[in-house]
Every structure is written in C-alpha cells, then in structure tokens.
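Please open the structure in your viewer and keep the selection tool at hand. The tour goes from one selection to the next.

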Amino acid sequence: MRMTVLLVFFVVFFAALFPGGSSALAEESRWALLVGIDDYIDPGISRLTGSVNDVTAVREALVTRAQFPSGQVFLLASDDPGNAPTTGNILAKLDYIAERADTDDLVYLHFSLHAVTDPKTKKTVAGKEVE
C-alpha cells in the first residue's frame, strides 16, 4: 500500500512538472540522488523492510516517467556493497552532482531510512554510519 501511494504521488508530481509529456527542462538538466537504508550495523537500530524497494521504484519512475537520464540518477542502497549509503558516498555523490549541475538544473534528493529529531538541536539525523 505504502509503495503504491508513493509511486502514485511521484507520477502525479512529475506529470505536473512536465505536462503533456513535453519537458520544460532538458533531460540532461535533471539529477537525482536516492538513498535507501534497510539494514544498519548498529544492532540497536531496527531493520526496515521497504526503504531499498522504495528508492528502487522511485529510480524507475524518474527514468521512465520523468525522463531523468539514467546516468544522472544515483542510487545508494544498503543492499549494494558497491554503492553503500555511507556518509562518504553520499557526500561524494552530492559533490559530483554539484560540480556538474547548472544553477537552474533540477536536483532531486530522496532519503528513505530511519530518522530521529535531536531534542537539543531540533535537527533531524539519520542515525549511525552503515559502514
């Protein structure tokens, strides 16, 4: 159910962004970083069962429905050791996008993971490193 609602939201969102199948923004001007974490090294953080599936489905929707170039949609997922969602990998992908994207490009960031709000700083944090 959650996956269906998420996909419907994104299809509607991007259909509104790019009405009539024509893009107001050239394909090469679209970038995305998708981060999905189901498994954590810290045994105190419970495992999730849908985060990786969510970002995988969002990637497919971005490429097939919103015409994002597949080479500009980056997926970091806890089930892929070569593209693990570590702090270093996330920052490296953000740097890569920042170095190549123009100021009026669309950059979409999507995080599917556990998060908590620090009561002292009121900032939301994602938890501990997954390396």
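The stops below cover a sheet, two helices and a loop residue in a predicted model.

**The sheet.** Select the three strands, which form an open sheet in the order β2-β1-β3 with parallel pairing. Residues 73–77 (β2) and 106–112 (β3) are at the edges; each has a single partner strand, so one side of each lacks a neighbour in the sheet. Direction ignored, neighbouring strands are turned by 10 degrees against each other on average.

**The pair β1 and β2.** Next select residues 30–36, strand β1, which pairs with β2 in the parallel sense over five bridges. For one of the contacts between strands, pick Ala-32: its bridge partner in β2 is Val-73.

**The helices on the sheet.** Add residues 51–64, helix α2, which packs on the sheet and touches β1, β2 and β3. The direction of α2 makes about 165 degrees with that of β1. Then add residues 87–100, helix α3, which also packs on the sheet and touches β1, β2 and β3. For α3, the angle with the direction of β1 is about 175 degrees.

**Along α2.** Return to α2, whose 14 residues reach 20 Å from first C-alpha to last, close to the 20 Å expected at 1.5 Å a residue. Which residues of α2 are buried? They are Ser-51, Val-52, Asp-54, Val-55, Ala-57, Val-58, Ala-61 and Leu-62.

**The loop before α2.** Finally, select Leu-48, in the loop between β1 and α2. Leu-48 lies twelve residues from Gly-36 in sequence and 9.7 Å from Gly-36 in space, C-alpha to C-alpha. Leaving aside residues up to four places away in sequence, Leu-48 touches Ile-37, Asp-38, Tyr-40, Leu-113 and His-114.

Key: Residues numbered from 1 in each chain as written. Predicted model: local features only at pLDDT ≥ 70, side-chain atom pairs only at ≥ 80, totals over all residues. Heavy atoms only, no water. Pairing = 2+ DSSP bridges. Helix = DSSP H or I, 4+ residues; strand = E, 2+ residues; numbered from the N terminus. Axes fitted to C-alpha atoms, helices over the stretch in contact; angles between N-to-C directions. Contact = heavy atoms within 4.5 Å. Expected span 1.5 Å × (residues − 1). Buried < 20%, exposed > 50% of the residue type's maximum accessible area, 1.4 Å probe, protein only.
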